[in-house]
Amino acid sequence: MHELAITQSMLDLVLEQAGEIGAKEVGRINLVIGEMCGVVDECVQFYFNFLSKGTIAEGAALSFTMVPTAVRCRGCNKSFELKEFDWTCPYCRGNSLEIIAGKELFVESIEVE
Ligand SMILES: [Zn+2]
């Protein structure tokens with residue numbers, strides 16, 4: 001039920017923003033989702049269709065930008081994309097890694113009428 005809670009808070013935020021600017025209809029919602037969040041975009045779309053019924057965001061298109069997981073090695077200080085959750089530095093074979101991207105989850109922008 002991870003996606004349901006996320007979609008609900010995302011929709012609340014969108015409706016709040018759209019209300020503030022006096023929008024009549026939300027046409028598109030641009031989302032940024034980090035790979036590490038483990039959010040399935042089809043699930044978000046499914047819940048969104050359900051939750052947005054009767055709101056001004058009903059029928060809005062969702063656009064997803066996936067952010068790959070990036071880490072920095074504490075051993076050699078190099079940054080790289082994490083591939084297949086292999087937590088080993090390809091440069092020094094160290095495994096003390098710090099996540100620097102991939103946990104994002106936010107509404108980047110909305111397009112309204
Ligand atoms: Zn390293």
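A residue is called buried when its relative accessible area is under 20%. The model on display is predicted, and the tour below begins with a strand to which that term applies.

**First stop: strand E1.** Please select residues 26-34, which form strand E1. Seven of the nine residues in E1 are buried, so the strand is mostly covered under that cut-off.

**Second stop: the neighbours of E1.** Add residues 105-112, strand E6, to the selection. E6 runs antiparallel to E1, and seven bridges join the two. Next, display residues 61-67, strand E2, which pairs with E1 in the parallel sense, also over seven bridges. Leu31 is a useful residue to centre on: its bridge partner in E6 is Val107, and in E2 it stands opposite Phe64. To follow the chain from E1 to E2, select helix H2, residues 41-51. The path passes through this helix, and the resulting β-α-β crossover is right-handed.

**Third stop: the zinc ion.** Select the zinc ion together with Cys73, Cys76, Cys89 and Cys92. The SG atoms of these residues coordinate the metal at 2.2 to 2.3 Å. The angles among the four donor atoms are 103 to 116 degrees, and the site is tetrahedral. For four tetrahedral donors, the ideal angle is 109.5 degrees. Along the sequence, the donor residues follow the spacing C-x2-C-x12-C-x2-C.

**Last stop: Cys73 and Cys92.** Cys73 belongs to strand E3 (residues 70-73), while Cys92 sits in the loop between strands E4 (79-81) and E5 (97-101); the pair therefore ties together parts 19 residues apart in sequence. Are these two cysteines buried or exposed? Cys73, at 1% relative accessibility, counts as buried, whereas Cys92, at 37%, counts as partly exposed.

Conventions:
Residues are numbered from 1 along each chain as its sequence is written. This is a predicted model: local features need pLDDT of at least 70, side-chain atom pairs count only at pLDDT 80 or more; totals for chains, interfaces and linings use all residues. Side-chain values use heavy atoms; hydrogens and water are left out. Buried means under 20% relative accessible area, exposed over 50%, partly exposed in between (1.4 Å probe, protein chains only). Helices (H or I, at least four residues) and strands (E, at least two) are DSSP runs, numbered from the N terminus. Two strands pair if DSSP finds at least two bridges between them. A crossover is right-handed if, with the strands pointing away from the viewer, the path from the first strand over the helix to the second runs clockwise. Donors are N, O and S atoms within 2.8 Å of the metal (3.2 Å for Na, K and Ca); water is not among the atoms, so sites may look incomplete. Four donors count as tetrahedral if all angles lie between 85 and 135 degrees; four count as square planar and six as octahedral if opposite donors are over 155 degrees apart and all others between 65 and 115; anything else is irregular.
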